[in-house]
Amino acid sequence: MANFYTDNKDLKHHLHHPLMQKIVALKERNYTDCEKYDYAPLNFEDAMDSYEKVLEIAGEISGEIVAPNAESVDHEGPQLIDGHVEYASGTKQNLDALVKAGLMGISLPRRYNGLNFSLVPYIMAADMVSRADASFVNIWGLQDCAETIYEFANEGQRMRFLPRVCAGETMAMDLTEPDAGSDLQAVMLKATEAEDGTWRLNGVKRFITNGDGQIGLVLARSEAGSHDGRGLSMFIFDHKNEPGLTVRRIENKMGIKGSPTCELVFKNVKAELCGSRRMGLIKYVMALMNGARLGIAAQSVGVSEAAYREAYNYALDRRQFGKAIIEFPAVAEMLAMMKAKLDASRSLLYETTRFVDMYKTYEDIARERTLTPEERSEMKYYSKLADAFTPMSKGMGSEFCNQNAYDSIQVHGGSGFMKDYACERIYRDARITSIYEGTTQLQVVAAIRHVTTGTYLNKINEYAAETYAPELKPLQERLAAMTEMYADAVNRVTSFKDTEYTDFQARRLVEMAGHIIMGYLLLGDATRCADFIKSANVYVRFGEAEVNRHYKFITEFVPENYAAYYKHEA
Amino acid sequence: MSLNIVVLAKQVPDTRNVGKDAMKEDGTINRAALPAIFNPEDLNALEQALQLKDQNPGSKITILTMGPPRAAEIIREAMYRGADTGIVLTDRAFAGADTLATSYALSVAIRHIGSYDIIIGGRQAIDGDTAQVGPQVAEKLGLPQVTYAEGVKIENGKAVIKRRLEHGVETVECPLPMVVTVNGSATPCRPRNARLVQRYKYAVTPSEKANLSKDMMKLVETRPYLNLYEWSAAEVNADASQIGLAGSPTKVKGIVNVVFQAKESKSLEGKDDAAIEELVKDLIANHTIG
């Protein structure tokens, strides 16, 4: 009986982080819901016990149903039938199980039939489902879009759509168009207002994950004649009940083949405005994307976990020269690095999730009552950290995921290159994580201002001031030295006051901050649980070497050198 | 129509994950070394009951299990999946029961429940593999029975049941009330539901309730559905001579620890169809296949 929650004690460790006491108390408004709902927690311990019990269900479904289906889903994939998507049979089974288990609308309030869970257990379920099948988490994880309806739609729309999501209807986030990928300001899909106040959508969307989902959120141009982001609004359309949307094509992808990536044609599709006109891109898509980025960070960690486990098990079994290959230093080091990157990116994922959870919960409370000045400043503090940590977690986590998938095949040797082992699917599935919801390069664009404005350095200094287990002192000293290099590198780059030059060095700077942050997070983990000491040791040494490398590059670089990077020839 | 459905379930040692220490030296099961689980085919039975409840709103599912007080665990497990309540039939006097005594005890408990339209159980339990209890319960209650079921529906007040037989499928109709036993080949049971887990996790039997803190006891008292039932032999008016060891004609004479060894082997030569045919005939003759 495979259970992806109980077989991975790292998850329980992250679930029981000290900040959870505060997060859950805020989320549960001091446990007042239990008077109204008989499934609401009575107190903190009760809530945590429920999180664990529900994660055990998600872990069991991941291990017993989703993971065993992953190979057939990869082979079979979704089909396009009469303009609609038919999921692979395994995908249908997965979705049916998760819906019956009530694992839709996990973090939505109870009044919409949600579970009102903290984001942490939700992201943890996404972590496990991704380990089981990275393609399936896209379909299931699109319940994230419901958050956007909750935050920005009116109460009538919430009441109509959110209970449907909780009952198992899937969603889609229709943003990308043939000429509007990373640059969403170029979106062309037209929204016109009818006389009765409803809207009609006409145009084409491309690369839409689960484009045939029952409820869609669409970014469309509502202001005729406009050409930039200020002319775009967000719409909700009820694909289940309104005609006019056809799936023209399902893309044939390299990986996550079970997830239908659709080209959609809208012909006079009736839709309703979500929130205010002209705020579609400026406000709502940004919120939607941040949620989605956290989701991809979780997917990256889950796939990384799968890659590590495949490699570890193979290295234990495979014997060469009279012993298991795990006993050879070269293989052992690869596995230690894989585990360290996995642990580091997971720790960053849950730290980020807690930051998001804190500020979003305060935002939600602010809809009910005025926040106290202390609460308001705490909300701002966590909101800024969430903004800084989300692109870092997605960017670095997805790169580590790709590296682990690569190394997983390397550990398998020639067998890994054959279609016979799961590592080849994992390798293909991993590849998208550093591309969609903003490439790693775009995550750097989002993160760099937190380098230049000092968000990362301030947080690093807070981490440095925390108390760690005495045996970790040498690692703490290394991190302090790395921080000095980072601060110096930031000063050197920004002293030129040349944004183009800063952009050129941006990835190096963000990565330096990331290595230091993940190093400290692992020290925190190792202080609370000795199992992490190994990864803390491996990761801090790796991070130190990376920080040194970047530091050397930056300090020995003068802006005149970078012209060489722009003279491209075919 | 709304139905009163009774699901017969058993908590069994997980014999599918047998390790070295699964058996004691005397050949009896070392229960401490095996986790206690919901008997797998009883889960198939529960799924049939849940489907009936889905199709017949207002129906009520009661889990009936005989065993030690800890068997209440499987009642909660069933409630997490959609059952409404449950009864643990527990008494030292029930101990040592064979299938006859068990089915007697279950049948008097069902009579004690009073109102029932359909009684559903798994075909057999993985610790005994007899497949006798369901049919015997039907006999003792004087009810019609259908075995090897894969699907149960109610149509025009009657049960319509698909049976999985050795060489095909048979669909039969049966008046209510009746007893049905369900095959492992039927739909697997749905997963535990997140909301139901939170609603029912504090459901307790009277003996479990006695160990609760004051606060929890108060909670259980304000939520009637958290109170499970625990019935003794006296409570169900069981005849002492028909339960437990006294009511069990089956006596275990001895237990032998069998270790499989290849005693004899036979080699067949040849590469053509005739050789394969000879092999298949041999396998059929010694009942390896067929």
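The questions below concern the contact between chains A and B and the sheet of chain B in a predicted model. Local features need pLDDT of at least 70 and side-chain atom pairs count only at pLDDT 80 or more, while totals for chains, interfaces and linings use all residues. Residues are numbered from 1 along each chain as its sequence is written, and chains are lettered from A in the order in which they are written.

Q: Which element gives the most to the side of chain A that touches chain B?
A: Contact is defined by C-beta atoms, placed from the backbone, within 7 Å, and it takes 14 residues from chain A and 11 residues from chain B. Helices (DSSP runs of H or I, at least four residues) and strands (E, at least two) are numbered from the N terminus. The elements of chain A that give two or more residues to this side are helix H4 (89–100) and helix H3 (44–76). With six residues, the one that gives the most is H3(A).

Q: Why is one side of strand S9 and of strand S11 of chain B left without a neighbour in the sheet?
A: Strands pair if DSSP finds at least two bridges between them, and nine strands of chain B form an open sheet with mixed pairing, in the order S9-S8-S7-S10-S6-S1-S4-S5-S11. S9 (168–175) and S11 (229–231) of chain B stand at the edges, so one side of each is left free because each has a single partner strand.

Q: Which residue in S10(B) stands opposite Val146(B)?
A: Strand S7 (residues 145–155) and strand S10 (residues 178–182) of chain B pair in the parallel sense over three bridges. Opposite Val146(B) stands Val180(B).

How values were computed. Two residues are in contact if their C-beta atoms, placed from the backbone, lie within 7 Å.
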